[in-house]
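Please read these notes with the coordinates open beside you, and take the points in order.

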Amino acid sequence: MSEKLFFENIKGFIAASFKATPSFGQNLYLCGFKFRILFKKEKMEYNFAEIEPKWQKYWEENKTFKTPDDFSKPKYYILDMFPYPSGAGLHVGHPEGYTATDILSRYKRMRGFNVLHPMGYDAFGLPAEQYAIQTGTHPAITTNKNCDNFRRQIKSIGLSYDWDREINTTDPKYFKWTQWIFKQLYNTWFDEKQQKGRPVSELVVPDEIKEKGEEAVKKYIGEKRLAYYDNAQVWWCDSCKTVCANEEVLTDGSHEKCGNQVVRKNLKQWLLRIPHYGERLLSGLEKLDWPEGVKDMQRNWIGKSTGAEVDFEIEDLEKDLRVYTTRPDTLFGATYMVIAPEHEWVNEITTSDKKDAVETYVKAAALKSDLDRTDLAKEKTGVFTGRYAINPVNNKKIPIWVADYVLMGYGTGAIMAVPAHDTRDFEFAKEFDIPVVCILDPKDVENRDEILKGDACWTEDGEYINSANKETGLDINGLNKVTGIQKTVEWLERKNLGKATVNFKLRDWLFSRQRYWGEPFPVIHWEDGEVTLVEDEDLPLELPDLEEYKPSETGESPLANAKDWLLVTDKNGRKGRRETNTMPQWAGSCWYYLRYIDPLNEDSIFDVKKEQYWMPVDLYIGGAEHAVLHLLYARFWHKVLFDLGVVSTDEPFQKLFNQGMILAFAYETNTGAKVSSDLVEEKEGKYFHTETREELKQIVAKMSKSLKNVVNPDDVIDRYGADSLRLYEMFMGPLDERKPWAENGVKGVFNFLGRAYRFFAESENIVEGTEDKEVAKLLHQTIQKVEFDLEHLKFNTAISALMVFNNLVIKKGKVNKETAETFAKILAPFAPHMAEELWSKYGNSKTLAYESWPAVDESLLKEDSFEYPVSFNGKMRFKIEIALDMPKDEIERAVLADEKAQKWLEGKTVRKFIFVPRKIINVVVG
RNA sequence: GCCCGGGUGGCGGAAUUGGUAGACGCGCUGGAUUCAAAAUCCAGUUCUGGCAACAGAGUGCGGGUUCGAUUCCCGCCCCGGGUACCA
């Protein structure tokens, strides 16, 4: 029996016996003896396990966070990167970003914004399919189960999502529109002149094409479409039985999803012409409020370079070899040419006596994976074709080589090599004893002589030498790089030998996978070779049920086995076959932020007015792992939709912020065996195995099953509650930094919440009357600080400000009701359950989620004096309180006359007196 | 190699960007409460020396600018992320 219960039981007896009702904790005098009632007065214990479910239920039942499309209010769209619902459930890394956005959402609501804050699931993906292959369970079943678990976990954190807007990429009602967007891409071409995507119906087919007939017209249009179907050399993962996009292949040649080595394969694939949007994707970055690092990564990925294409005559061939170079200014230094082994003209260029050597080399290169080619980067290989080209600037004969350091996929697949001024060419030239001709004098550098002799490579700016030819009329001697390039390009264009060109690293996006669990393409391949799209009214094209989810050995997706679904006949009896590839996981996540705007709309992708109101996303928070791909792909789709007039903004995400990864401590023995964290004991900074007593090494690492260091938010909530979880996620450190999870830290914020609750929930502490000056001042400083920090996403310091305030009021022992209510309000975004509980305790019947954020009373913040730190020669020695309106010379007199100053002035003269208002006083003595 | 971040007490981290280095929290030490423990409360806690007042040192390392540098400049070292023959 608890003390309290025991007291309740005997209270009636005491009352009857002594004609007085005792209260819990009172002393009792009985027959002259003092009986202290052993039970102390009950404290307002912080019972999160009772408070939190209660408010979660309240929010759910009252649809507190249902977002109206109220166009009269200012809007704020705050978005999380939606999760892939894995079977493992959430780990504490997920709620980091979710908590941050939730705090801001709650804060913005209190500031009067109509806040759109939705959540959903990016639920297509490999794990559910692999599970289906093993067990025969339909991926939809696994997926729904996982989504249910994610939803339960997310709700238990008290996040204020509008659950009526929940979306799921695997829901046919959702992917109907993913398929619809694919159709738009297919029916769009990119107008280079207007730098804009336009409907294929507006594409003007040149007469000479029309003359060739319908096939030629179709081909012409097909080559312009943003989505096209073609044979593509792709990376094939034999273990996943699927192709992988370039970007899914890691630099060591392994598949990022499974770790197995990938191989080359030639397959019919869907591809998207994202490079057409290279320029727009690049320039669009400028006006975005994104971390510079992410912008840089996207810029690097897009990889724009400006240079020139130059045509070289080939000796004894009626052909010009076209190269791309960023350094047309170095043409005078070109001493050889290189074509890629895959170059179309290799055979033609190669002279008969070199045929064998070249063929052998080309074959060997084809067998090498890109991995090997990069691995052997240190040693350049190549073989002479026997053929020469003519350098247009000086009509000199230079040999043409084949070498695999030149890639077919970039530029023209052929280069002019300038060993004196390009490190790769230099290495190659040294390897094969090709002359190195320096044409750029670096002037003031240590190894200038070496460079001039051609014994070293110089890639920076300088002054041209040996760069003139009377016959051709080009002379750039004495110029520097910028003007040299300019003049050479002008010369090339005038002579019709070349032209300025822009190149992008960005490649066509491989947009199909040989999988079951993805969006089916709304495409039919007919027996006569025609390709048509499924009509809008027949969307969504759903996935067929299968008995077997295994991919076929040929590389076709499991959909090829669904004969009923696969084979179609049109009204004329023509037979067709549906596309068996499915879309990659990126598809659903490329536009989900648009569907939240109007998730239940069955007639269109969304309502135009709603889109105009809600877009763009004001703040998008997620992991840095999506810095390039997801964000680039989504921007690409968005720009196409913008060009087609579907969306009203050119960019989808105005502000982006990356949360840092949450790491965890892991423990290992001397032999490297991992020890589960709950079997570890700390003693004086050392770690021991609780059972074997062995000393362990602490490491910080990503959370993973194999390291036995995964922290599950369910456990944290069980032990400390959702508010503590939320607070700790934010208190750990800056949102964008990586940081290790420490259970003790959770205890710290839990203590804070407990202290705050015990104080603010205790009615005795909440009194009538005007507030204590110090408390009032700090309260308003705290409001200001929290506001500032929230606007700057500095959650950790905002929480620390709340702690500082809490510490003060506990010391003071009492506050007035206004202060208590204000505290509840500013605590609300962070610890909403507890704030609601306090708010209702103060007699409010409505949720405080829409109470207005307290205004800072500037008059309380005014200071009339400042405690200046006084330094001597830059070293702080003592402090002195000085009125803010005191003139400088008076301050100097006061400081120098102060008795504490005498010690530092003794035997010295004051050289300088520095006074910075509200900052510091520094006396320079010597 | 190149491009981005980042190095501050025993630990996580503050310092509103040139002005009191170490806020807040953890841990630790001491005390109160308790039969005892847990919980809670109070005090202390950068390091070195000293009982203390106090003094000296101190923000990865070495220089520099400045009255004053965690903050700016130059040269290094280490850690993390991205990228990789892109002509």
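1. At the start of helix H22 (713-720), a side-chain oxygen of Asn712 comes to within 2.8 Å of the backbone nitrogen of Asp714. Please bear in mind, here and below, that this is a predicted model. Just after H22, at the other end, Gly721 takes a positive phi of about 95°.

2. Which residues of H22 are buried? They are Pro713, Asp714, Val716, Ile717 and Tyr720. Seen down the axis of H22, these buried residues fall within an arc of 165°, and therefore they line one face of the helix. What covers them includes helix H2 (48-61), helix H3 (94-110), helix H5 (139-156), helix H23 (722-731), strand E35 (739-741) and helix H24 (743-760).

3. H22 also takes part in the second largest pocket, since at least two residues of the lining come from each of strand E30 (662-668), strand E32 (680-683), H22 and H24. This pocket has a volume of about 750 Å³, and it is lined by 26 residues, of which Tyr667, Ser677, Asp678, Ala742 and Glu743 lie nearest its centre. Sorted by class, the lining of the second largest pocket comprises 12 nonpolar, 6 polar and 8 charged residues.

4. Turning from the pocket to enclosed space, the structure holds 1 cavity of 30 Å³ or more, and the largest cavity contains about 40 Å³ of space. Its lining is made up of Arg106, Met110, Ala828, Pro829, Pro832, Glu836, Leu848 and Ala849. H3, which is among the elements covering the buried residues of H22, supplies at least two residues of this cavity lining, as does helix H28 (832-841). By class, the lining of the largest cavity has 6 nonpolar and 2 charged residues, with no polar ones.

5. A further point concerns Arg165, which is found in the loop between H5 and strand E6 (167-168). Is Arg165 buried or exposed? Its relative accessibility is 5%, so Arg165 counts as buried, the cut-off for that word being under 20%.

6. What does the side chain of Arg165 meet there? A polar contact of 3.2 Å joins the side chains of Arg165 and Asp69, while a polar atom of the Arg165 side chain lies 2.8 Å from the backbone oxygen of Tyr596. With neighbours within four places in sequence left aside, the residues in contact with Arg165 are Thr67, Asp69, Leu116, Pro118, Met119, Tyr596, Ile597, Asp598 and Pro599.

Methods:
Residues are numbered from 1 along each chain as its sequence is written. Chains are lettered from A and ligands numbered from 1 in the order in which they are written. This is a predicted model: local features need pLDDT of at least 70, side-chain atom pairs count only at pLDDT 80 or more; totals for chains, interfaces and linings use all residues. Side-chain values use heavy atoms; hydrogens and water are left out. On a 1 Å grid over the protein atoms alone, a cavity is a set of points where a 1.4 Å probe fits but cannot get out, and a pocket is an open set with protein on both sides within 12 Å along at least five of seven lines; lining residues have an atom within 4 Å of a point. Grid points are joined across faces, edges and corners, and a volume is the space filled by probe spheres set on the points. Helices (H or I, at least four residues) and strands (E, at least two) are DSSP runs, numbered from the N terminus. Ala, Val, Leu, Ile, Met, Phe, Trp, Tyr, Cys and Pro count as nonpolar, Asp, Glu, Lys and Arg as charged, and the others, Gly among them, as polar. Buried means under 20% relative accessible area, exposed over 50%, partly exposed in between (1.4 Å probe, protein chains only). The arc is that of the directions from the helix axis to the C-beta atoms. Contact means heavy atoms within 4.5 Å. A polar contact is a pair of N or O atoms within 3.5 Å; within protein, one must be able to donate a hydrogen and the other to accept it, and residues adjacent in sequence count only if both atoms are side-chain atoms.
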